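Colleague: I'm new to this one. Please walk me through it, and keep it simple.

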Amino acid sequence: MHAMVLKQIGTPLEWTERPDRAPARGEVRVNVLACGVCRTDLHVIDGELSKPQTPIIPGHEIVGRIDALGPGVAGLQIGDRVGIPWLGYACGVCPYCVMHRENLCDRPLFTGYTRDGGYATATIADARFVFPLGEQGEDAALAPLLCAGFIGWRSLVIAGEGKRIGLYGFGASAHIIAQVARWQHRSVFAFTRPGDSPAQKFALGLGAAWAGGSDEMPPEPLDAAIIFAAVGDLVPLALKAVRKGGRVVCAGIHMSDIPSFPYSILWEERELLSVANLTRKDGADFLKIAAQIGVVTRVTRYPLQQANRALSDLREGKFEGAAVLVP
Ligand SMILES: [Zn+2]
Ligand SMILES: [Zn+2]
């Protein structure tokens, strides 16, 4: 197999040949057909997360086909098309797993961060943490659903039932979640980098009721806001944009520092919270809904060997929607 490997934090990924490995008990080996590029991959490469580890193969939005089964795998066959997400393993016995919050597991493994991921021609996954994808939909178009979609969905659920939803940072997650929120008969208010009119146009094209810069106030107070951008400065802006009792959800795994802000913008029972990782139930619920809605993803394809270019384009906001690597 070949992979784009992070050998040292802060350096470009390197095209590397690795020996093929047979899946161990409970594992499947998957030929990668497509792997989405997520902002978290940038945090891994930049060493911004708490467990930097090298060498590692990034990538946790994997669509592929099973080509080998380890002993003891039930319910999956060679040839099945599956998705492999960020949560690669949870222990099942810690207090969080026991209370159905495996996203907070004390001993988790994360694909593309603490176990090798999908910037590769093949990968190995714990069979209990892969999602059968069926044959509907194109490989590259499905890849962003596996993190941008899953985490976006968890964030939307946590944002509550309000009708007016603000989305800060209109990238891979927001362009999917805007479609879900519209389908739920909610109004979407899209906040982009100030002056990014292509992104604002993109949001309006997906049914947003309003689109503007993150430094602007929406035309009416929001019931809830989800912050997808990794920018702490957005937290006070979003708190100002939500109504009394409104909720601000930080969806990312990392954010720049949040500046201090006056208590008055949190007061009146506004809530500020974060979303971490996903449970398998989030993934299963979202895949069902995405198929029902017919979620359409905007993807820009890059050959696997050009992963570094895809990452720098993501960093610079050079494309709408999501980048996807194809072998
Ligand atoms: Zn656990
Ligand atoms: Zn991700």
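Colleague: Let's pick a residue. What is the relative accessible area of aspartate 46?

Modeller: It is 30%, so aspartate 46 counts as partly exposed. Buried means under 20% relative accessible area, exposed means over 50%, and partly exposed is in between (1.4 Å probe, protein chains only).

Colleague: Any ground rules before we go on?

Modeller: This is a predicted model: local features need pLDDT of at least 70, side-chain atom pairs count only at pLDDT 80 or more, and totals for chains, interfaces and linings use all residues. Residues are numbered from 1 along each chain as its sequence is written, chains are lettered from A and ligands numbered from 1 in the order in which they are written, and side-chain values use heavy atoms, with hydrogens and water left out.

Colleague: Back to aspartate 46. Which side chain does it meet in a salt bridge?

Modeller: Arginine 315, at 2.8 Å from N to O. That pair links distant parts of the chain: arginine 315 sits in helix 9 and aspartate 46 in helix 1, 269 residues apart. Arginine 315 is partly exposed too, at 41%. A salt bridge here is a side-chain nitrogen of Lys or Arg within 4 Å of a carboxyl oxygen of Asp or Glu. Helices (H or I, at least four residues) and strands (E, at least two) are DSSP runs, numbered from the N terminus.

Colleague: How many salt bridges does the structure hold?

Modeller: There are 21. One of them joins arginine 301 and glutamate 138, at 2.6 Å from N to O. Arginine 301 is in strand 16 and glutamate 138 in the loop between strand 9 and helix 3, so the pair ties together parts 163 residues apart in sequence.

Colleague: And lysine 318, which residue does it bridge to?

Modeller: Aspartate 313, with the closest N and O atoms 3.9 Å apart. Lysine 318 is exposed, at 56%, while aspartate 313 counts as buried, at 9%. Elsewhere, Arg164, Glu220, Asp223 and Arg243 form one network through salt bridges that share partners.

Colleague: New topic: metals. Which residues hold the zinc ion (ligand 1)?

Modeller: Its protein donors are the SG atoms of Cys91, Cys94, Cys97 and Cys105, lying 2.3 to 2.4 Å from it. Donors are N, O and S atoms within 2.8 Å of the metal (3.2 Å for Na, K and Ca); water is not among the atoms, so sites may look incomplete. Along the chain, the spacing is C-x2-C-x2-C-x7-C.

Colleague: Why does cysteine 94 count as buried?

Modeller: Because its relative accessibility is 3%. Cysteine 91 is buried as well, at 15%.

Colleague: What coordinates the zinc ion (ligand 2)?

Modeller: Cys38 (SG), His60 (NE2) and Cys147 (SG), at 2.0 to 2.2 Å. Histidine 60 lies in the loop between helix 1 and strand 4, and cysteine 147 in the loop between helix 3 and helix 4, so the pair ties together parts 87 residues apart in sequence. Both histidine 60 and cysteine 147 are buried.

Colleague: Now helix 7. Why is it largely enclosed?

Modeller: Because 6 of its 8 residues are buried. Among them are Leu234, Val235 and Leu239. The buried residues pack against strands 10, 13, 14 and 15.

Colleague: Last one: how many helices and strands in the chain?

Modeller: 9 helices and 17 strands. Buried residues make up 53% of its 327 residues. The C-alpha trace spans about 55 × 40 × 35 Å along its principal axes.

Key:
Contact = heavy atoms within 4.5 Å.
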